[in-house]
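Here is a short tour for anyone meeting this structure for the first time. Have a look at the picture, then read on.

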Amino acid sequence: MEQDSTKGLRCILARDHFQLPPTIKSVEAEKKGLGGTLFERLVDLCGDEVSFILTVQYCMHEVSMNRSSKELYNSKITAHPSVVAHMFYDLKNRDKADRNSLPSFTEFILG
C-alpha cells in the first residue's frame, strides 16, 4: 500500500475481469458473496472511475490477440512491437523447422 499525504492510504489492485473467476466450492461462501472478486465488488461499489485498462499486451502474436481484443476489450488491446509478429519458432531452442510441430506443455515451459 502507498501513503499519499493528501488522500490517505491507497491500494492498487491488478486484475483482468475476463480471466478465470474464483473457484468457490462452498455453496455457503457463494451465498455470502465470495463468488466474485474483490476487484469486481470494488467496481460495483465505486463505478468505472476506480478502474483503468492496460492496453498493451506482451505475450501473443497480433493475429492471435486480435479476436479477444475485439470481442472482449472493444479492440483496445494492442500487441507490443516485441511480440507483434512473435512466432512459435522464435521461442528458445526452436528453429523454423519446428514450425509445424507443437511442443508438449513441459517442452513449451522448460524450452
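## Salt bridges to start with

The chain has two salt bridges, and this is a predicted model. In general, side chains of opposite charge can pair when their charged atoms come close.

One of the bridges joins the side chains of Glu 28 and Lys 32, with N to O at 3.1 Å. Since Glu 28 and Lys 32 sit four residues apart in helix 1, about one helical turn separates them. As for the surroundings, both Glu 28 and Lys 32 are exposed.

Then there is the bridge between Glu 71 and Arg 67, where the closest N and O atoms are 3.0 Å apart. Here the setting is helix 3, and because Glu 71 and Arg 67 are four residues apart in that helix, about one helical turn lies between them. Glu 71 is exposed, because its relative accessible area is 54%, and exposed means over 50%. Arg 67 has a relative accessible area of 60%, so Arg 67 counts as exposed too.

## The overall layout

Stepping back, what order do the elements of the chain follow from the N terminus on? They run β-β-α-α-β-α-β-α, which makes four helices and four strands.

How confident is the prediction? The mean pLDDT of the chain is 77, and 71% of its residues reach 70 or more. Among the elements, strand 4 (residues 78-79) has the highest mean pLDDT, at 91, while helix 4 (residues 105-110) has the lowest, at 48.

How much of the chain is buried? Of its 111 residues, 13% are buried. The chain exposes about 9400 Å², and 57% of that comes from carbon and sulfur atoms. If you look at contacts with a separation of 6 or more, residues 24 or more positions apart account for 22% of them.

## Inside: the nonpolar core

In soluble globular proteins, nonpolar side chains tend to be buried together. Which residues make up the largest nonpolar core here? There are five in all: Met 65, Tyr 73, Ile 77, Ala 79 and Val 83.

Val 83 is worth a closer look. Setting aside its neighbours within four places in sequence, Val 83 is in contact with Gln 57, Tyr 58, Cys 59, Met 60, His 61 and Glu 62.

## Outside: a nonpolar patch

Some nonpolar residues show up on the surface instead. Leu 13, Leu 38, Leu 42 and Val 50 form a nonpolar patch there, with about 300 Å² of accessible area together. One of them, Leu 13, lies in the loop between strand 2 (8-10) and helix 1. Is Leu 13 buried, exposed or partly exposed? Its relative accessibility is 35%, so Leu 13 counts as partly exposed.

Next, take Thr 37, which you'll find in the loop between helix 1 (27-34) and helix 2 (38-46). Thr 37 counts as buried because its relative accessibility is 13%, and the limit for buried is under 20%. Leaving out residues up to four places away in sequence, Thr 37 touches Arg 15 and Pro 22.

## Around the end of helix 3

Two loop residues with a positive phi deserve a mention, although neither is a glycine. Here they are side by side.

| Residue | Phi | Relative accessible area | Place |
|---|---|---|---|
| Asn 74 | about 50° | 62% | loop between helix 3 and strand 4 |
| Ser 75 | about 60° | 48% | loop between helix 3 and strand 4 |

Asn 74 is exposed because its relative accessible area of 62% is over 50%. Ser 75, with 48%, is partly exposed.

Helix 3 itself covers residues 62-73, and Asn 66 is found in it. With a relative accessibility of 37%, Asn 66 counts as partly exposed. How far apart in space are Asn 66 and Lys 76, C-alpha to C-alpha? The distance is 9.7 Å, and in sequence Asn 66 and Lys 76 are ten residues apart.

Definitions and conventions:
Residues are numbered from 1 along each chain as its sequence is written. This is a predicted model: local features need pLDDT of at least 70, side-chain atom pairs count only at pLDDT 80 or more; totals for chains, interfaces and linings use all residues. Side-chain values use heavy atoms; hydrogens and water are left out. pLDDT is the predictor's confidence in each residue, from 0 to 100. Helices (H or I, at least four residues) and strands (E, at least two) are DSSP runs, numbered from the N terminus. Buried means under 20% relative accessible area, exposed over 50%, partly exposed in between (1.4 Å probe, protein chains only). Contact means heavy atoms within 4.5 Å. Accessible areas come from the Shrake-Rupley method with a 1.4 Å probe; for residues, only the protein chains shown count as cover. Patches are made of residues with over 30% relative accessible area and no salt bridge: like charges are joined within 9 Å, nonpolar side chains (Val, Leu, Ile, Met, Phe, Trp, Tyr) within 5 Å. A salt bridge is a side-chain nitrogen of Lys or Arg within 4 Å of a carboxyl oxygen of Asp or Glu. A nonpolar core is a set of buried Ala, Val, Leu, Ile, Met, Phe, Trp, Tyr and Cys residues joined through side-chain atoms within 4.5 Å.
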